[in-house]
Amino acid sequence: MKHLIDPTDLSLKEIDEILSLAEDIIQNRKKYSEVCKGKKLATLFYEPSTRTRLSFEAAMLELGGSVLGFSSADASSAAKGESVADTARTVSKYADIIAMRHPKEGAPLVASMYVDIPVINAGDGGHNHPTQTLTDLLTIKETKKRLDNLTVGFCGDLKFGRTVHSLIKQLSCYENMKFILISPPELQIPDYIKEETLLKKNIPFQEVCEMDTVINDLDILYMTRVQRERFFNEADYIRLKDTYILTLEKLENAKPDLKILHPLPRVNEIATEVDNDPRAVYFDQVEYGKFVRMALMLKLLGLDQTVE
Ligand code: CP
């Protein structure tokens, strides 16, 4: 495991190891506080982010390392026309590991081809967001105590929501999963996910427009925002943005042990009244994201075996 570009770069065994390491970090924070002393993480973010960039940085700081980087393309020489390859080669002379977010699909993969330090895809366009997937897996494992035998509902923008694409791919590797895909027709899951993952692996799934008819079946409800930045047409965004708003009333028929996840940021799709419902775990999910990124960086830097 040298880079993490696509969720499928990790075998199930490697994912299990990362999740177990994250769980050990949660239990033994102090033990890991100096493991990355002398190591530097570069966060190269060509697109806005709160959670991913800051959780990567917090993760490296909590491991005793340092961070450098930029938080927008405008704050880097990309604004002068520098290529991703040249930027990555340059940064590899200053840092030990790179986390990159870019609006163009494939940019972190390009970066990984030009450097000899690990590159982590922190989100590339509408394509993949593998560390969010690890975050989501850890959240499900910690809150449901299993990663198999689950009925998972994905709701909202399933077309542009890269976290959904990555998570479906990964959850499809576990036993006895069922997916309910809740979206307006315009924002349905791309055909390639259906063909290359769900149909190919014979995973049961259904596509519906209404949440009310299926909410009582769900073990996990994964809410997403409509991704304004990926729309070509503002009128379409305005028409679709409030299609789903999760309220306490809508949760009345849901299972008592349902877990509600959201990669965040939230816009309108979950009413704030839901935040205090014990089934809402999206702010716990934020913290699991830091722990899983600590575990991932330790693995990619080859430091996971150095802790006793
Ligand atoms: N979940 C997520 O990727 O959030 P940010 O865009 O704030 O990083």
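**Close-up 1. Leu-109, Val-110, Met-113 and Tyr-114 make a nonpolar patch on the surface.** The model shown here, as in every view below, is predicted. The area of this patch is about 380 Å². Tyr-114 sits in the loop that runs between helix H4 (107–112) and strand E4 (119–124). Its relative accessible area is 41%. That value makes Tyr-114 partly exposed.

**Close-up 2. Five acidic residues form a surface patch of negative charge.** The members are Glu-210, Asp-212, Glu-249, Glu-252 and Glu-273. Start with Glu-210, which belongs to a loop. On one side of that loop is strand E7 (205–208), and on the other is strand E8 (220–223).

**Close-up 3. Helix H6 is mostly covered.** The helix spans residues 162–171. How many of its 10 residues are buried? The count is 10 of 10. Charged and polar side chains are on the list of buried residues, including Arg-162, Thr-163, His-165, Ser-166, Lys-169 and Gln-170. Val-164, Leu-167, Ile-168 and Leu-171 are buried as well.

**Close-up 4. Tyr-174 lies in the loop between H6 and strand E6 (178–182).** Is Tyr-174 buried or exposed? It is buried, with a relative accessible area of 13%; the cut-off for buried is under 20%. Now look for Leu-240. Tyr-174 and Leu-240 are 66 residues apart in sequence. In space, their C-alpha atoms are 32 Å apart.

**Close-up 5. Asp-136 is a buried residue of helix H5.** Helix H5 covers residues 130–144. The relative accessible area of Asp-136 is 0%. Phe-291 is 155 residues away from Asp-136 in sequence. From C-alpha to C-alpha, the two are 12 Å apart in space.

**Close-up 6. Cys-155 is buried and has no disulfide partner.** A disulfide is a covalent bond between the sulfur atoms of two cysteines. How many disulfides does the structure hold? The number is 0. Why does Cys-155 not take part in one? The closest cysteine sulfur to that of Cys-155 belongs to Cys-209 and is 11 Å away, so it is too far for a bond. A pair would need its sulfur atoms within 2.5 Å. Cys-155 has a relative accessible area of 0%. Cys-36 is also buried, and its relative accessible area is 0%.

Methods:
Residues are numbered from 1 along each chain as its sequence is written. This is a predicted model: local features need pLDDT of at least 70, side-chain atom pairs count only at pLDDT 80 or more; totals for chains, interfaces and linings use all residues. Side-chain values use heavy atoms; hydrogens and water are left out. Buried means under 20% relative accessible area, exposed over 50%, partly exposed in between (1.4 Å probe, protein chains only). Patches are made of residues with over 30% relative accessible area and no salt bridge: like charges are joined within 9 Å, nonpolar side chains (Val, Leu, Ile, Met, Phe, Trp, Tyr) within 5 Å. Accessible areas come from the Shrake-Rupley method with a 1.4 Å probe; for residues, only the protein chains shown count as cover. A salt bridge is a side-chain nitrogen of Lys or Arg within 4 Å of a carboxyl oxygen of Asp or Glu. Lys and Arg count as positive and Asp and Glu as negative; His and the chain ends are not counted. The place of a charge is taken as NZ of Lys, CZ of Arg, CG of Asp or CD of Glu. Helices (H or I, at least four residues) and strands (E, at least two) are DSSP runs, numbered from the N terminus.
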